[in-house]
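Hi everyone, thanks for coming. I'd like to walk you through a structure today, so have a look at the screen.

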Amino acid sequence: MIKIENLKAEIDGTEILKGLDLTINNGEVHAVMGPNGAGKSTLSYVLAGRDGYEVTAGSAELDGENILEMEAEERAAAGLFLAFQYPVEIPGVQMTTFLKTALNAVRQARGEEELDAIGLLKLMKSTCKNLGISDEMMKRAVNVGFSGGEKKRNEVLQMAMLEPKFAVLDETDSGLDIDALRIVADGVNALRAKERSFLVITHYQRLLDYIKPDYVHVLADGKIIKSGGPELAHELEEKGYAEILSTYEKEAA
Amino acid sequence: MTLMKSLPTQKLERWKYTNLPARLKKFEREIATAEITFDGLNDLIMPYTNDNPDWVNEITSRSPAGEAQYKDMALWTAANDAPQDGYIIDVPVNYQTGKPLTMIMTGGNAEQVSPRFIIRLARGAELTLIEHQTGEGAYWNNAVMQIEIGDGAIFNHYRFQDNSHDAVMTVNTHAQIARNGQYNAFTLTTGASMSRNQIHADLKGEGAACYLNGVNLLDGKRLGDTTITVEHQAPHCESRQDYRSVVGDQATGVFQGKVHVHQIAQQTDGYQLSNSLLLSQQATMNTKPELEIYADDVKCSHGTTSGMLDKDALFYLQARGIPKAQARALLIQAFISEVTEQITHDDIREQATAIIEKWLTAL
C-alpha cells in the first residue's frame with residue numbers, strides 16, 4: 001500500500017506539488033491525469049528520488065515506510081519502480097550487465113539470494129519472450145538505438161524482473177503507436193497482482209482503454225482536485241480539463 | 001651536469017602542463033647523491049613463459065646513447081648519465097612468441113632508478129610484452145625504452161603503470177617501425193603521484209603502423225601526462241591514438257598528441273582521439289592535439305571531448321536499485337570500455353579489468 005499525504009515539493013524554489021494526498025491499496029490501479037504543467041512528472045520523480053527536487057512537507061509511505069527519506073536505490077529495493085517517460089540511453093553498458101547488476105543489487109538489499117549467470121539468463125529469456133523482446137536487444141547497450149516502442153517495452157521488462165510492490169508509469173503512452181501501446185499495456189496487465197499497486201500517469205484517456213484503472217484522479221496546480229471511477233477519464237476526454245479546472249478555481253476562491 | 005639541473009621545466013612547450021622539478025622535490029637528496037644505484041635486477045623479474053629465451057639478456061654495462069632524435073632530450077640524457085640496468089630483448093627473424101612475456105618492475109622507497117630497455121624485433125617477428133609497474137613508497141623511476149621493429153614485425157606492448165601513489169614515473173618510449181611493421185601499445189595508468197608517459201614513434205618504412213591506446217585513471221592530487229609524437233616519415237603509413245582519461249578529486253590529466261607528416265609521407269592515415277571524464281569540479285584536464293602536415297595527399301584528423309558523468313544515466317541506474325557508487329563505476333567502465341575492448345588478448349584484457357576494478361573500488 002502506498003500512502004501519500006500532504007506532499008509538497010519544489011524545484012529551484014518554485015513550488016510544484018502543493019499538498020498532494022493519494023492512497024493506493026494493494027492490487028489497485030490508479031490513474032492520475034492532468035494538463036501540462038500540473039506536476040505529473042514531478043510527482044513521479046519525487047517518488048523515485050531524483051536529485052533537484054526538494055520535498056518541503058508531507059510523506060509518502062510504502063507499506064508503512066517513508067520512502068522520501070531514502071536514496072533512489074533504496075526505494076527500488078523497498079519495492080518502488082518508475083517506468084520512465086524518457087528511458088535513458090547508456091552507451092557502453094550492455095543490457096545483460098545492467099539487468100544482472102540491478103537485479104542482484106535489489107535481491108541483495110531485500111535479503112534474497114543473488115542470481116548466477118544461468119539463473120539470470122533463464123529469467124531474462126522467459127521475460128523477453130513474454131514481451132516480444134528479441135535476444136539480440138539484450139546484447140545492445142541500454143536503450144541505445146532502441147525505437148520508442150522498444151524503449152517502453154524495455155521498461156516493462158525491467159519492471160517484470162524487479163517485481164516491485166508499487167509501480168509508477170510516467171506517460172508510458174507517449175511516443176507509442178497503437179500496436180506498441182497494446183504490447184506495453186498487455187505487459188503491464190500481466191503484472192497486475194493482488195499484492196502489487198500501480199500509479200498510471202497520463203495525459204490522455206487512450207492508455208486507460210488498455211490498462212483499466214480502478215480509480216482516476218485529476219492533478220492540477222500541484223494537488224488532486226477531483227477523484228472518481230474510470231468514467232472520470234471519459235468525462236475528461238469529452239470535456240477537456242477546462243471545466244473541472246474552472247469549477248476548482250471557483251471553489252478555491 | 002647533475003640530474004636535478006638537467007630536468008625539463010615548464011618553460012619548455014612540451015612540459016607546459018607538468019612541473020617535474022616540483023614533483024621531484026622530495027627526491028632531491030637521492031638524486032644529488034652520486035652513489036645511488038638502481039638496486040638492480042632483483043627488482044626486475046621476468047618470469048619467462050618460454051624456456052628462458054636466449055634472446056633476452058641483461059644490460060651489464062653502460063649502453064650507447066642510441067640515435068634517438070628526440071625533441072626533448074632532457075630525460076633521455078638524464079637516464080643515460082645515470083647508472084644503467086635493464087634488458088636487451090632481441091627477437092630473432094620470424095620468431096613468434098606464443099605466450100606473452102611479462103616483465104615486472106618494482107620500485108622501493110627512496111630509490112631513484114633509471115632502467116634501460118632495448119627491444120629489437122627482427123624481420124617478421126612477433127612479440128607480446130606485458131610491462132607491469134608496481135612498488136611501495138616514494139621512488140622515482142625514469143625508464144627508457146628503445147624499440148626497433150623490423151620489416152613486417154609486430155610488437156604488442158601492454159604497460160600497466162600501477163606504481164605506488166607516492167612514486168614518480170617518467171618513461172620515454174622510442175619506437176622505430178620499419179616497412180609493414182606494427183607497434184601496438186596500450187598503457188593503463190592507475191599509479192604514481194606523477195607520471196609522464198612519453199611515446200615517440202617513427203614510421204620509417206612504407207606501410208608501417210602504430211596504434212597507441214591508453215586509459216588514464218587519476219584521483220587525489222595525482223598527475224598523469226601522456227605526451228606522444230608520431231613521425232610519419234614514409235608513404236602509406238597509419239597511426240592511431242585513442243585515449244580515455246578519468247580525472248577525479250583534484251587530479252590533473254595531460255594529453256599532448258602530435259602527428260608530424262613529412263612531405264614524403266603521402267597517403268598517410270592518421271587519427272587521434274582523446275576523451276576525458278571529469279568526476280569533480282576541482283579536476284583538471286589539459287588536452288593539446290597538434291597536427292603538422294607537409295604532404296598534400298593525407299587523411300589526418302583529431303577529436304577531443306571532456307565532460308562529467310551523465311546525471312540522467314546515474315539516476316536511471318539508481319532507480320533500478322544500483323547503489324550510487326556502483327552506478328558511477330558502471331558508467332566509468334562504460335566510458336573506458338571503448339578502449340579496453342580493443343585489447344584482443346583475453347587474459348590481458350582481464351588483467352587490465354582487474355586493475356581498473358581495484359582502482360574503482362578505492363575511488
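I'll start with chain A, then go to where the two chains meet, and finish with a few single residues.

One thing up front: this is a predicted model. So, chain A. What is it built from? You'll find 10 helices and 12 strands in there. The chain has 253 residues, and 53% of them are buried. If you take the contacts in chain A with a separation of 6 or more, 70% are between residues 24 or more positions apart. As for the outside, chain A exposes about 11,300 Å², with 47% of that coming from carbon and sulfur atoms.

Okay, on to the interface. How many residues take part? On the chain B side there are 17, in contact with 30 residues of chain A. People often describe the size of an interface by the accessible area lost when the parts come together. Here, chain B and chain A bury about 1,800 Å² between them, and carbon and sulfur atoms carry 68% of it. Which residues of chain B should you click on? Try Phe315(B), Tyr316(B) and Arg320(B): together they supply 43% of the area chain B buries against chain A, more than any other three residues.

There's a polar side to this too. Between chain B and chain A, 9 residue pairs are in polar contact. We also get 2 salt bridges across the interface. One to zoom in on is a salt bridge between the side chains of Arg50(A) and Asp312(B), at 2.5 Å from N to O. And which elements of chain B give two or more residues to the side touching chain A? Those are α4, residues 311-319, and α5, residues 324-340. The largest share comes from α4(B), with 7 residues.

Now for those single residues. Where does Thr172(A) sit? It's in the loop between β9 (166-170) and α7 (178-191) of chain A. Is Thr172(A) buried or exposed? It counts as buried, because its relative accessibility is 3% and the cut-off is under 20%. Leaving aside neighbours within four places in sequence, Thr172(A) is in contact with Ala83(A), Lys152(A), Val184(A) and Ile201(A).

Last, the cysteines. A disulfide is a covalent bond between the sulfur atoms of two cysteines. How many disulfides do we have over all chains? The count is 0. Two cysteines to look at are Cys128(A), buried with a relative accessible area of 1%, and Cys300(B), which also counts as buried, at 19%.

That's my tour, thanks for listening!

Definitions and conventions: Residues numbered from 1 in each chain as written. Chains lettered and ligands numbered in written order. Predicted model: local features only at pLDDT ≥ 70, side-chain atom pairs only at ≥ 80, totals over all residues. Heavy atoms only, no water. Helix = DSSP H or I, 4+ residues; strand = E, 2+ residues; numbered from the N terminus. Buried < 20%, exposed > 50% of the residue type's maximum accessible area, 1.4 Å probe, protein only. Contact = heavy atoms within 4.5 Å. Areas by Shrake-Rupley, 256 points an atom, 1.4 Å probe, with all protein chains shown as cover. Disulfide = S-S within 2.5 Å. Buried area = accessible area lost by both parts, 1.4 Å probe. Salt bridge = Lys/Arg side-chain N within 4 Å of Asp/Glu carboxyl O. Polar contact = N/O pair within 3.5 Å; in protein donor to acceptor, adjacent residues only side chain to side chain.
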